[in-house]
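Reader: I have just opened this one and would like to be walked through it slowly. Could we begin with the cysteines and then move on from there?

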Amino acid sequence: MNRRQVLRASAAFSATAMLLRAAQAQTGPAQTFSPSYVRELARALAAKSFAPPDEKLPDALKDLNYDQYRSIRFAPEKALWRDEKLPFEVQFFHRGFFYKNRVDIFQVANRSVIPIPYRRDDFSFGEGLGQWPKADIGFAGFRIHAPMNRPDYHDEVCVFLGASYFRAIAKGQTYGLSARGLAIDTGEGKGEEFPVFKAFWLEKPVPNASSIVVHALLDSKSAAASYRFTIRPGQSTVFDVEMALYPRVDIEHAGLAPMTSMFFFGPNDRKDFDDFRPAVHDSDGLAIFNGRSEQLWRPLNNPHDLQVSSFADVNPGGFGLMQRERNFLAYQDLESNFEKRPSLWCEPIGNWGEGAVKLFEIPTKEEVHDNIVAFWQPKQPLIAKSEHIFTYRLHWGPDAPKPGALARFTRTGIGSRGDDSKLFVLELMGDELKAIDAKTVKGVVTAEKAEIKNIVTQPNPMTGGWRLSFQCSVKGQAAIELRAFLAQNEAPVSEVWTYRWTP
(Lines give C-alpha, C1' and ligand atoms only; values in the text may rest on other atoms or scores of the structure.)
Protein backbone atom coordinates (compact mmCIF):
# COMPACT_ATOMS: atom_id res chain seq x y z
CA MET A 1 0.00 0.00 0.00
CA ASN A 2 1.86 3.07 -1.27
CA ARG A 3 1.35 6.19 0.85
CA ARG A 4 1.03 8.29 -2.29
CA GLN A 5 -1.35 5.84 -3.97
CA VAL A 6 -3.53 5.85 -0.85
CA LEU A 7 -3.79 9.62 -0.91
CA ARG A 8 -4.52 9.66 -4.64
CA ALA A 9 -7.26 7.08 -4.21
CA SER A 10 -8.79 9.05 -1.37
CA ALA A 11 -9.54 11.95 -3.69
CA ALA A 12 -12.27 9.94 -5.38
CA PHE A 13 -14.13 9.60 -2.08
CA SER A 14 -13.96 13.14 -0.70
CA ALA A 15 -17.20 15.01 -0.10
CA THR A 16 -18.99 18.15 -1.14
CA ALA A 17 -18.31 21.30 0.84
CA MET A 18 -21.65 22.90 -0.04
CA LEU A 19 -23.30 22.21 3.30
CA LEU A 20 -20.29 23.40 5.26
CA ARG A 21 -19.78 26.58 3.29
CA ALA A 22 -23.43 27.45 3.52
CA ALA A 23 -23.16 27.23 7.29
CA GLN A 24 -19.86 29.10 7.34
CA ALA A 25 -20.43 31.81 4.72
CA GLN A 26 -17.59 34.25 5.15
CA THR A 27 -19.76 37.19 4.19
CA GLY A 28 -22.32 36.51 6.95
CA PRO A 29 -22.13 37.02 10.70
CA ALA A 30 -19.74 34.93 12.74
CA GLN A 31 -21.11 31.54 13.73
CA THR A 32 -21.33 30.65 17.43
CA PHE A 33 -19.37 27.53 18.28
CA SER A 34 -20.77 25.01 20.74
CA PRO A 35 -19.61 21.55 21.90
CA SER A 36 -22.12 19.94 19.51
CA TYR A 37 -21.39 22.25 16.55
CA VAL A 38 -19.38 19.80 14.40
CA ARG A 39 -21.48 16.83 15.50
CA GLU A 40 -24.60 18.56 14.22
CA LEU A 41 -22.85 19.28 10.90
CA ALA A 42 -21.89 15.60 10.60
CA ARG A 43 -25.41 14.44 11.38
CA ALA A 44 -26.87 16.82 8.78
CA LEU A 45 -24.26 15.81 6.20
CA ALA A 46 -25.02 12.10 6.66
CA ALA A 47 -28.70 12.78 5.97
CA LYS A 48 -27.80 13.98 2.48
CA SER A 49 -26.56 11.91 -0.45
CA PHE A 50 -22.81 11.72 -0.80
CA ALA A 51 -21.42 14.08 -3.42
CA PRO A 52 -17.82 14.24 -4.68
CA PRO A 53 -15.99 17.48 -3.95
CA ASP A 54 -15.05 20.29 -6.27
CA GLU A 55 -11.37 19.62 -6.96
CA LYS A 56 -10.87 22.57 -9.30
CA LEU A 57 -7.42 24.07 -9.12
CA PRO A 58 -5.66 26.77 -11.13
CA ASP A 59 -3.89 25.35 -14.18
CA ALA A 60 -0.49 25.96 -12.60
CA LEU A 61 -1.36 23.53 -9.77
CA LYS A 62 -3.19 20.74 -11.59
CA ASP A 63 -0.27 18.54 -12.57
CA LEU A 64 2.52 19.27 -10.11
CA ASN A 65 5.16 16.61 -9.69
CA TYR A 66 6.67 15.69 -6.33
CA ASP A 67 9.59 18.12 -6.53
CA GLN A 68 7.39 21.00 -7.63
CA TYR A 69 4.99 20.42 -4.77
CA ARG A 70 7.87 20.18 -2.29
CA SER A 71 9.07 23.59 -3.47
CA ILE A 72 5.89 25.22 -2.11
CA ARG A 73 6.62 26.31 1.44
CA PHE A 74 4.50 28.08 4.03
CA ALA A 75 6.24 31.12 5.54
CA PRO A 76 6.85 30.33 9.25
CA GLU A 77 6.51 33.97 10.21
CA LYS A 78 2.89 33.83 8.97
CA ALA A 79 1.97 30.97 11.33
CA LEU A 80 -1.36 31.29 13.10
CA TRP A 81 -0.94 32.86 16.59
CA ARG A 82 2.81 33.50 16.17
CA ASP A 83 2.47 37.24 16.79
CA GLU A 84 0.51 36.54 19.98
CA LYS A 85 3.31 34.42 21.49
CA LEU A 86 0.96 31.58 22.35
CA PRO A 87 2.25 28.09 23.24
CA PHE A 88 0.90 26.64 19.97
CA GLU A 89 1.31 27.77 16.36
CA VAL A 90 -0.22 26.40 13.15
CA GLN A 91 1.21 26.29 9.63
CA PHE A 92 -0.72 25.25 6.53
CA PHE A 93 -0.16 22.99 3.52
CA HIS A 94 -0.86 24.09 -0.04
CA ARG A 95 -3.10 22.18 -2.40
CA GLY A 96 -1.61 20.36 -5.39
CA PHE A 97 0.15 17.10 -6.36
CA PHE A 98 -1.91 14.30 -4.71
CA TYR A 99 -3.49 16.75 -2.26
CA LYS A 100 -6.18 18.19 -4.52
CA ASN A 101 -9.10 18.10 -2.08
CA ARG A 102 -10.01 21.44 -0.60
CA VAL A 103 -9.88 21.48 3.21
CA ASP A 104 -11.56 24.40 4.97
CA ILE A 105 -9.97 25.48 8.25
CA PHE A 106 -11.47 27.74 10.91
CA GLN A 107 -10.32 29.33 14.13
CA VAL A 108 -12.54 29.23 17.20
CA ALA A 109 -11.99 32.19 19.51
CA ASN A 110 -14.38 33.43 22.20
CA ARG A 111 -16.93 30.89 20.89
CA SER A 112 -16.89 32.56 17.46
CA VAL A 113 -16.07 30.66 14.27
CA ILE A 114 -13.57 32.62 12.18
CA PRO A 115 -12.63 31.32 8.70
CA ILE A 116 -8.90 31.14 8.00
CA PRO A 117 -8.57 32.32 4.40
CA TYR A 118 -5.97 31.05 1.99
CA ARG A 119 -3.47 33.77 1.06
CA ARG A 120 -1.06 33.12 -1.76
CA ASP A 121 1.46 35.52 -0.24
CA ASP A 122 1.79 33.25 2.81
CA PHE A 123 3.65 30.73 0.65
CA SER A 124 6.89 30.72 -1.33
CA PHE A 125 6.94 28.88 -4.65
CA GLY A 126 9.44 27.23 -6.91
CA GLU A 127 10.31 28.62 -10.31
CA GLY A 128 7.27 29.00 -12.59
CA LEU A 129 4.72 28.52 -9.81
CA GLY A 130 2.50 31.03 -8.07
CA GLN A 131 1.10 32.67 -11.22
CA TRP A 132 -2.68 32.67 -10.84
CA PRO A 133 -5.41 34.97 -9.48
CA LYS A 134 -5.31 35.47 -5.74
CA ALA A 135 -8.47 33.49 -5.06
CA ASP A 136 -9.20 31.60 -1.85
CA ILE A 137 -8.53 28.00 -2.91
CA GLY A 138 -8.44 26.60 0.63
CA PHE A 139 -5.78 24.34 2.08
CA ALA A 140 -4.66 20.72 1.91
CA GLY A 141 -4.02 20.39 5.64
CA PHE A 142 -2.00 21.81 8.52
CA ARG A 143 0.63 21.11 11.14
CA ILE A 144 0.84 22.16 14.78
CA HIS A 145 4.00 23.44 16.48
CA ALA A 146 4.72 23.77 20.20
CA PRO A 147 7.77 23.93 22.51
CA MET A 148 8.57 20.28 23.13
CA ASN A 149 12.31 19.69 23.04
CA ARG A 150 13.24 23.11 24.45
CA PRO A 151 11.20 26.04 25.75
CA ASP A 152 12.43 28.65 23.27
CA TYR A 153 11.55 26.81 20.03
CA HIS A 154 8.27 25.58 18.57
CA ASP A 155 8.81 22.00 17.35
CA GLU A 156 6.53 20.31 14.88
CA VAL A 157 4.20 18.10 16.92
CA CYS A 158 1.63 16.69 14.50
CA VAL A 159 0.35 16.85 10.92
CA PHE A 160 -3.12 16.43 9.42
CA LEU A 161 -2.66 15.91 5.68
CA GLY A 162 -4.28 13.66 3.07
CA ALA A 163 -7.61 11.77 3.36
CA SER A 164 -8.18 11.21 7.10
CA TYR A 165 -4.49 10.64 7.86
CA PHE A 166 -2.65 12.28 10.74
CA ARG A 167 0.56 11.56 12.59
CA ALA A 168 2.47 12.88 15.58
CA ILE A 169 5.73 12.58 17.47
CA ALA A 170 6.86 12.87 21.07
CA LYS A 171 9.90 14.59 22.52
CA GLY A 172 13.12 13.56 20.74
CA GLN A 173 11.38 11.54 18.03
CA THR A 174 10.98 11.67 14.25
CA TYR A 175 7.87 10.90 12.17
CA GLY A 176 7.02 7.30 11.44
CA LEU A 177 3.63 5.58 11.37
CA SER A 178 0.27 7.30 10.82
CA ALA A 179 -3.25 7.13 12.22
CA ARG A 180 -6.53 7.61 10.37
CA GLY A 181 -9.97 8.81 11.33
CA LEU A 182 -11.79 5.75 9.98
CA ALA A 183 -11.17 2.69 7.81
CA ILE A 184 -13.93 1.12 5.71
CA ASP A 185 -13.75 -2.22 3.84
CA THR A 186 -10.01 -2.67 4.31
CA GLY A 187 -8.95 -5.89 2.61
CA GLU A 188 -12.36 -6.50 1.06
CA GLY A 189 -12.63 -7.60 -2.57
CA LYS A 190 -14.78 -4.62 -3.56
CA GLY A 191 -11.96 -2.26 -2.63
CA GLU A 192 -11.24 -0.03 0.33
CA GLU A 193 -13.07 3.22 0.93
CA PHE A 194 -10.98 6.16 2.12
CA PRO A 195 -12.91 8.75 4.15
CA VAL A 196 -11.54 12.30 4.21
CA PHE A 197 -11.34 15.13 6.71
CA LYS A 198 -13.00 17.97 4.84
CA ALA A 199 -12.88 20.72 7.48
CA PHE A 200 -11.18 21.56 10.78
CA TRP A 201 -11.86 23.96 13.64
CA LEU A 202 -8.84 25.00 15.73
CA GLU A 203 -9.63 26.27 19.21
CA LYS A 204 -7.38 29.19 20.08
CA PRO A 205 -5.26 28.20 23.10
CA VAL A 206 -4.92 30.39 26.17
CA PRO A 207 -1.47 31.57 27.30
CA ASN A 208 0.50 28.80 29.03
CA ALA A 209 -1.89 26.12 27.72
CA SER A 210 -0.49 22.59 27.71
CA SER A 211 -3.01 21.27 25.17
CA ILE A 212 -4.84 22.32 22.03
CA VAL A 213 -8.26 21.21 20.80
CA VAL A 214 -8.92 20.41 17.14
CA HIS A 215 -12.35 19.50 15.74
CA ALA A 216 -12.73 17.70 12.41
CA LEU A 217 -15.56 16.84 10.02
CA LEU A 218 -15.15 13.56 8.13
CA ASP A 219 -17.11 12.47 5.07
CA SER A 220 -17.21 9.40 2.88
CA LYS A 221 -19.53 7.51 0.59
CA SER A 222 -20.75 5.38 3.50
CA ALA A 223 -20.69 7.76 6.46
CA ALA A 224 -20.03 11.16 7.98
CA ALA A 225 -18.44 11.74 11.38
CA SER A 226 -17.25 14.39 13.80
CA TYR A 227 -14.05 14.30 15.85
CA ARG A 228 -12.72 16.23 18.80
CA PHE A 229 -8.96 15.88 19.34
CA THR A 230 -7.39 17.18 22.54
CA ILE A 231 -3.65 17.15 21.81
CA ARG A 232 -1.01 17.23 24.57
CA PRO A 233 2.65 17.18 23.44
CA GLY A 234 5.35 15.80 25.72
CA GLN A 235 7.46 12.75 26.56
CA SER A 236 4.51 10.97 24.98
CA THR A 237 2.17 13.02 22.82
CA VAL A 238 -1.41 12.16 23.70
CA PHE A 239 -4.56 12.61 21.60
CA ASP A 240 -7.88 12.29 23.41
CA VAL A 241 -10.34 11.42 20.64
CA GLU A 242 -14.13 11.77 20.78
CA MET A 243 -15.81 10.40 17.66
CA ALA A 244 -19.47 10.50 16.59
CA LEU A 245 -20.18 8.41 13.49
CA TYR A 246 -23.31 8.62 11.30
CA PRO A 247 -23.46 5.87 8.64
CA ARG A 248 -25.44 6.45 5.45
CA VAL A 249 -25.53 2.69 4.94
CA ASP A 250 -24.89 -0.31 7.18
CA ILE A 251 -21.11 -0.65 7.54
CA GLU A 252 -20.09 -4.27 8.04
CA HIS A 253 -16.33 -3.75 7.94
CA ALA A 254 -15.53 -0.60 9.91
CA GLY A 255 -12.03 -0.04 11.29
CA LEU A 256 -11.88 2.11 14.42
CA ALA A 257 -8.68 3.87 15.51
CA PRO A 258 -6.88 2.64 12.38
CA MET A 259 -3.11 2.93 12.18
CA THR A 260 -0.79 2.28 9.25
CA SER A 261 2.93 1.59 9.31
CA MET A 262 5.84 0.17 7.34
CA PHE A 263 7.71 -3.08 7.89
CA PHE A 264 10.21 -3.70 5.09
CA PHE A 265 12.51 -6.31 6.60
CA GLY A 266 14.09 -7.50 9.83
CA PRO A 267 16.66 -10.11 10.87
CA ASN A 268 14.44 -13.06 9.86
CA ASP A 269 13.74 -12.02 6.25
CA ARG A 270 16.92 -10.32 5.08
CA LYS A 271 17.53 -12.96 2.42
CA ASP A 272 14.99 -11.23 0.15
CA PHE A 273 16.73 -7.84 0.30
CA ASP A 274 20.21 -6.72 -0.77
CA ASP A 275 20.65 -3.92 1.75
CA PHE A 276 23.47 -2.72 4.02
CA ARG A 277 21.07 -2.18 6.93
CA PRO A 278 20.16 -5.00 9.35
CA ALA A 279 16.51 -3.89 9.59
CA VAL A 280 14.13 -1.31 8.08
CA HIS A 281 10.77 -0.67 9.71
CA ASP A 282 8.65 1.99 11.41
CA SER A 283 7.08 -0.64 13.68
CA ASP A 284 8.24 -4.11 14.66
CA GLY A 285 5.20 -5.59 16.36
CA LEU A 286 1.54 -5.46 17.30
CA ALA A 287 0.85 -5.34 21.04
CA ILE A 288 -2.57 -6.08 22.55
CA PHE A 289 -3.91 -5.91 26.10
CA ASN A 290 -7.10 -7.92 25.66
CA GLY A 291 -10.26 -8.06 27.71
CA ARG A 292 -9.14 -11.34 29.30
CA SER A 293 -6.15 -9.60 30.94
CA GLU A 294 -3.70 -11.18 28.51
CA GLN A 295 -0.82 -9.21 27.06
CA LEU A 296 -0.07 -10.30 23.49
CA TRP A 297 2.94 -9.57 21.29
CA ARG A 298 2.87 -10.31 17.58
CA PRO A 299 6.13 -9.61 15.65
CA LEU A 300 5.49 -8.13 12.21
CA ASN A 301 6.50 -9.60 8.86
CA ASN A 302 6.78 -8.58 5.24
CA PRO A 303 5.14 -11.72 3.84
CA HIS A 304 5.20 -13.14 0.33
CA ASP A 305 1.38 -13.18 0.33
CA LEU A 306 -1.19 -10.99 2.04
CA GLN A 307 -1.70 -12.06 5.64
CA VAL A 308 -4.80 -11.10 7.63
CA SER A 309 -4.93 -11.87 11.35
CA SER A 310 -7.88 -11.43 13.68
CA PHE A 311 -7.61 -11.28 17.48
CA ALA A 312 -11.18 -11.68 18.77
CA ASP A 313 -11.92 -9.87 22.00
CA VAL A 314 -14.51 -8.19 24.22
CA ASN A 315 -13.82 -4.71 25.58
CA PRO A 316 -10.09 -4.53 24.71
CA GLY A 317 -7.74 -2.79 27.12
CA GLY A 318 -5.61 -1.43 24.29
CA PHE A 319 -3.65 -2.19 21.16
CA GLY A 320 -0.91 -0.60 19.12
CA LEU A 321 1.80 -0.83 16.50
CA MET A 322 5.01 -0.57 18.45
CA GLN A 323 8.65 0.17 17.68
CA ARG A 324 10.38 -1.68 20.51
CA GLU A 325 13.87 -1.87 19.03
CA ARG A 326 15.49 1.44 20.07
CA ASN A 327 19.15 0.68 19.34
CA PHE A 328 20.76 2.45 16.39
CA LEU A 329 22.95 -0.61 15.78
CA ALA A 330 19.83 -2.59 14.86
CA TYR A 331 19.27 -0.30 11.84
CA GLN A 332 22.54 1.48 10.97
CA ASP A 333 20.67 4.23 9.12
CA LEU A 334 22.00 7.74 9.79
CA GLU A 335 19.25 9.46 7.78
CA SER A 336 16.07 7.57 8.62
CA ASN A 337 16.70 7.13 12.37
CA PHE A 338 14.27 4.23 12.69
CA GLU A 339 15.22 3.91 16.37
CA LYS A 340 13.51 7.29 16.93
CA ARG A 341 10.21 6.40 15.29
CA PRO A 342 7.20 6.53 17.65
CA SER A 343 5.05 3.67 18.82
CA LEU A 344 1.31 4.28 18.65
CA TRP A 345 -0.97 2.88 21.35
CA CYS A 346 -4.77 3.08 21.33
CA GLU A 347 -6.49 3.03 24.71
CA PRO A 348 -10.28 2.58 24.39
CA ILE A 349 -12.30 4.57 26.90
CA GLY A 350 -15.51 2.84 27.91
CA ASN A 351 -16.75 -0.52 26.67
CA TRP A 352 -16.29 -1.25 22.96
CA GLY A 353 -18.11 -4.57 23.16
CA GLU A 354 -17.38 -7.57 20.96
CA GLY A 355 -15.06 -7.38 18.00
CA ALA A 356 -11.47 -8.02 16.99
CA VAL A 357 -8.15 -6.33 16.53
CA LYS A 358 -7.41 -6.84 12.84
CA LEU A 359 -3.88 -6.93 11.43
CA PHE A 360 -3.06 -6.71 7.72
CA GLU A 361 0.49 -7.52 6.54
CA ILE A 362 0.86 -6.61 2.87
CA PRO A 363 3.81 -7.74 0.72
CA THR A 364 6.08 -4.93 -0.42
CA LYS A 365 9.39 -4.65 -2.24
CA GLU A 366 9.98 -0.99 -1.37
CA GLU A 367 10.22 0.80 1.95
CA VAL A 368 8.12 3.76 0.72
CA HIS A 369 5.00 1.63 1.13
CA ASP A 370 2.85 1.55 4.24
CA ASN A 371 2.20 -2.19 4.24
CA ILE A 372 0.95 -2.71 7.80
CA VAL A 373 -2.58 -1.84 8.94
CA ALA A 374 -4.19 -2.44 12.33
CA PHE A 375 -7.53 -1.37 13.82
CA TRP A 376 -10.49 -2.46 15.96
CA GLN A 377 -13.41 -3.94 14.02
CA PRO A 378 -16.75 -4.20 15.87
CA LYS A 379 -18.45 -7.58 15.56
CA GLN A 380 -21.82 -6.07 14.71
CA PRO A 381 -22.31 -3.80 11.69
CA LEU A 382 -22.64 -0.07 12.32
CA ILE A 383 -26.28 0.52 11.43
CA ALA A 384 -27.30 3.26 9.01
CA LYS A 385 -29.29 6.31 10.14
CA SER A 386 -28.01 5.99 13.71
CA GLU A 387 -25.35 7.53 15.94
CA HIS A 388 -22.30 5.59 17.09
CA ILE A 389 -20.06 7.16 19.76
CA PHE A 390 -16.48 6.02 20.38
CA THR A 391 -13.94 7.59 22.72
CA TYR A 392 -10.29 6.62 22.89
CA ARG A 393 -6.82 7.91 23.68
CA LEU A 394 -3.84 7.70 21.32
CA HIS A 395 -0.35 7.66 22.81
CA TRP A 396 2.51 8.55 20.44
CA GLY A 397 5.82 7.82 22.12
CA PRO A 398 8.49 5.30 23.05
CA ASP A 399 6.12 2.73 24.56
CA ALA A 400 2.62 1.88 25.73
CA PRO A 401 1.55 4.10 28.65
CA LYS A 402 1.35 1.18 31.10
CA PRO A 403 3.78 -1.54 29.99
CA GLY A 404 2.90 -3.88 32.86
CA ALA A 405 5.07 -6.10 35.04
CA LEU A 406 5.21 -9.15 32.78
CA ALA A 407 8.45 -9.94 30.94
CA ARG A 408 8.55 -8.90 27.28
CA PHE A 409 9.73 -10.62 24.14
CA THR A 410 12.54 -8.56 22.67
CA ARG A 411 13.70 -10.69 19.75
CA THR A 412 12.35 -13.46 17.53
CA GLY A 413 15.01 -15.56 15.84
CA ILE A 414 14.16 -18.29 13.31
CA GLY A 415 16.54 -20.80 11.76
CA SER A 416 16.35 -23.97 9.73
CA ARG A 417 16.72 -27.46 11.19
CA GLY A 418 16.61 -29.22 7.87
CA ASP A 419 13.58 -29.40 5.59
CA ASP A 420 11.28 -30.72 8.29
CA SER A 421 11.51 -28.18 11.10
CA LYS A 422 12.38 -24.65 12.17
CA LEU A 423 14.19 -23.56 15.31
CA PHE A 424 12.61 -20.60 17.09
CA VAL A 425 14.76 -18.68 19.58
CA LEU A 426 12.90 -16.05 21.59
CA GLU A 427 14.59 -13.53 23.88
CA LEU A 428 12.82 -11.99 26.87
CA MET A 429 13.58 -9.15 29.29
CA GLY A 430 11.90 -8.17 32.54
CA ASP A 431 12.79 -7.21 36.08
CA GLU A 432 10.82 -10.09 37.57
CA LEU A 433 12.91 -12.60 35.64
CA LYS A 434 16.16 -11.44 37.26
CA ALA A 435 15.36 -12.94 40.67
CA ILE A 436 13.22 -15.87 39.60
CA ASP A 437 14.22 -19.45 40.37
CA ALA A 438 15.11 -21.08 37.05
CA LYS A 439 13.87 -24.44 38.31
CA THR A 440 10.33 -23.12 38.66
CA VAL A 441 10.04 -21.60 35.18
CA LYS A 442 8.87 -23.43 32.10
CA GLY A 443 8.10 -22.49 28.52
CA VAL A 444 4.56 -23.10 27.30
CA VAL A 445 4.40 -23.47 23.51
CA THR A 446 1.47 -24.51 21.33
CA ALA A 447 0.91 -24.71 17.59
CA GLU A 448 -2.05 -25.41 15.36
CA LYS A 449 -1.65 -28.63 13.35
CA ALA A 450 2.12 -28.83 13.93
CA GLU A 451 4.42 -30.74 16.28
CA ILE A 452 6.42 -28.83 18.92
CA LYS A 453 9.49 -30.43 20.50
CA ASN A 454 12.71 -29.62 22.38
CA ILE A 455 11.33 -26.72 24.43
CA VAL A 456 14.23 -25.15 26.35
CA THR A 457 13.96 -22.31 28.87
CA GLN A 458 17.10 -20.77 30.36
CA PRO A 459 18.56 -17.51 31.66
CA ASN A 460 20.63 -15.53 29.16
CA PRO A 461 23.66 -14.18 31.04
CA MET A 462 24.69 -12.00 28.08
CA THR A 463 21.49 -9.95 28.15
CA GLY A 464 20.36 -10.35 31.73
CA GLY A 465 17.12 -11.79 30.41
CA TRP A 466 15.84 -15.21 29.45
CA ARG A 467 15.74 -17.35 26.34
CA LEU A 468 12.94 -19.66 25.20
CA SER A 469 13.67 -21.95 22.26
CA PHE A 470 11.79 -24.77 20.56
CA GLN A 471 11.54 -26.69 17.31
CA CYS A 472 8.42 -26.77 15.16
CA SER A 473 7.70 -29.23 12.37
CA VAL A 474 6.90 -27.30 9.17
CA LYS A 475 6.95 -30.00 6.51
CA GLY A 476 3.95 -29.67 4.21
CA GLN A 477 2.53 -26.73 6.13
CA ALA A 478 1.18 -23.64 4.39
CA ALA A 479 0.91 -21.58 7.59
CA ILE A 480 1.27 -22.32 11.30
CA GLU A 481 -0.17 -20.30 14.19
CA LEU A 482 2.21 -20.36 17.17
CA ARG A 483 1.81 -19.23 20.75
CA ALA A 484 4.35 -19.16 23.60
CA PHE A 485 4.96 -17.70 27.06
CA LEU A 486 6.90 -18.30 30.26
CA ALA A 487 5.05 -19.62 33.30
CA GLN A 488 5.87 -20.15 36.95
CA ASN A 489 3.59 -22.50 38.88
CA GLU A 490 1.12 -22.32 35.98
CA ALA A 491 0.89 -18.50 36.19
CA PRO A 492 2.32 -16.43 33.31
CA VAL A 493 5.42 -14.40 34.06
CA SER A 494 5.69 -13.08 30.49
CA GLU A 495 3.43 -11.67 27.84
CA VAL A 496 2.13 -14.09 25.21
CA TRP A 497 4.12 -14.31 21.97
CA THR A 498 1.96 -15.08 18.94
CA TYR A 499 3.31 -15.70 15.46
CA ARG A 500 2.17 -16.88 12.06
CA TRP A 501 4.88 -18.85 10.30
CA THR A 502 4.55 -19.04 6.52
CA PRO A 503 6.91 -20.67 4.00
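Author: Gladly, and please keep in mind throughout that this is a predicted model. As for the cysteines, the count of disulfides comes to zero. C158, for instance, is in no disulfide, and the nearest cysteine sulfur, which belongs to C346, is 17 Å away.

Reader: What is a disulfide, in general terms?

Author: A disulfide is a covalent bond that links the sulfur atoms of two cysteines.

Reader: And is C158 buried or exposed?

Author: C158 counts as buried, because its relative accessibility is 0%. C472 also counts as buried, because its relative accessibility is 1%.

Reader: Let me switch to the strands. What is the order of the strands in the open sheet of four?

Author: The order is β27-β28-β31-β30, and the pairing is antiparallel. At the edges of this sheet stand β27 and β30, the latter covering residues 452–460, and each of these pairs on one side only. If direction is ignored, neighbouring strands of the sheet are turned against each other by 15° on average.

Reader: What do strands of a sheet pair through?

Author: Strands of a sheet pair through backbone hydrogen bonds, and the pairing can be either parallel or antiparallel.

Reader: How many bridges join β27 to β28?

Author: Eight bridges join β27 to β28, and the two strands run antiparallel. Within that pair, I414 stands opposite F424 in β28. The two strands form a hairpin with four residues between them, and in this hairpin G418 takes a positive phi near 85°.

Reader: What about the other side, where β28 meets β31?

Author: β28 and β31, which spans residues 465–473, pair in the antiparallel sense over eight bridges. Two positions help to find the register by eye: V425 stands opposite S469 in β31, and E427 has R467 in β31 as its bridge partner.

Reader: Is β28 mostly covered or open?

Author: β28 is mostly covered, with seven of its nine residues buried.

Reader: Now for the empty spaces. How much space lies in the second largest pocket?

Author: The second largest pocket holds about 810 Å³ of space. It is lined by 33 residues, of which D284, E325, T410, R411 and T412 are the closest to its centre. The elements that give two or more residues to this lining are β20 (295–299), β27 (408–416) and β28 (421–429).

Reader: Which of those elements gives the most to the lining?

Author: That is β27, an edge strand of the sheet we have just discussed, which gives five residues to the lining of the second largest pocket.

Reader: And how do the lining residues of that pocket divide by class?

Author: They divide into 14 nonpolar, 10 polar and nine charged residues.

Reader: How many cavities of 30 Å³ or more does the structure hold?

Author: The structure holds one cavity of 30 Å³ or more, and about 60 Å³ of space lies in the largest cavity. Its lining includes A287, F289, Q295, L296, W345 and R408. The elements that give two or more residues to that lining are β19, residues 285–289, and β20. By class, the lining of the largest cavity has seven nonpolar, one polar and four charged residues.

Reader: You mentioned a positive phi at a glycine in the hairpin. Which sign of phi do most residues other than glycine have?

Author: Most residues other than glycine have a negative phi. Here, K85 has a positive phi near 55° although it is a residue other than glycine. K85 is placed in the loop between β2 (73–74) and β3 (89–93), and it counts as exposed because its relative accessibility is 70%.

Reader: And what of phi at Q332?

Author: Q332, which is not a glycine, has a positive phi of about 60°. Q332 lies in the loop between β22 (318–322) and β23 (343–349), and it counts as partly exposed because its relative accessibility is 33%.

Reader: One last residue, please: where is R111 found?

Author: R111 is found in the loop between β4 (104–109) and β5 (112–115), and it counts as exposed because its relative accessibility is 55%. The C-alpha atoms of R111 and L41 are separated by 16 Å, and these two residues are 70 residues apart along the chain.

How values were computed
Residues are numbered from 1 along each chain as its sequence is written. This is a predicted model: local features need pLDDT of at least 70, side-chain atom pairs count only at pLDDT 80 or more; totals for chains, interfaces and linings use all residues. Side-chain values use heavy atoms; hydrogens and water are left out. On a 1 Å grid over the protein atoms alone, a cavity is a set of points where a 1.4 Å probe fits but cannot get out, and a pocket is an open set with protein on both sides within 12 Å along at least five of seven lines; lining residues have an atom within 4 Å of a point. Grid points are joined across faces, edges and corners, and a volume is the space filled by probe spheres set on the points. Ala, Val, Leu, Ile, Met, Phe, Trp, Tyr, Cys and Pro count as nonpolar, Asp, Glu, Lys and Arg as charged, and the others, Gly among them, as polar. Two strands pair if DSSP finds at least two bridges between them. Axes are lines fitted to C-alpha atoms, for helices over the stretch in contact, and angles run from 0 to 180 degrees between N-to-C directions. Buried means under 20% relative accessible area, exposed over 50%, partly exposed in between (1.4 Å probe, protein chains only). A disulfide is a pair of cysteine sulfur atoms within 2.5 Å.
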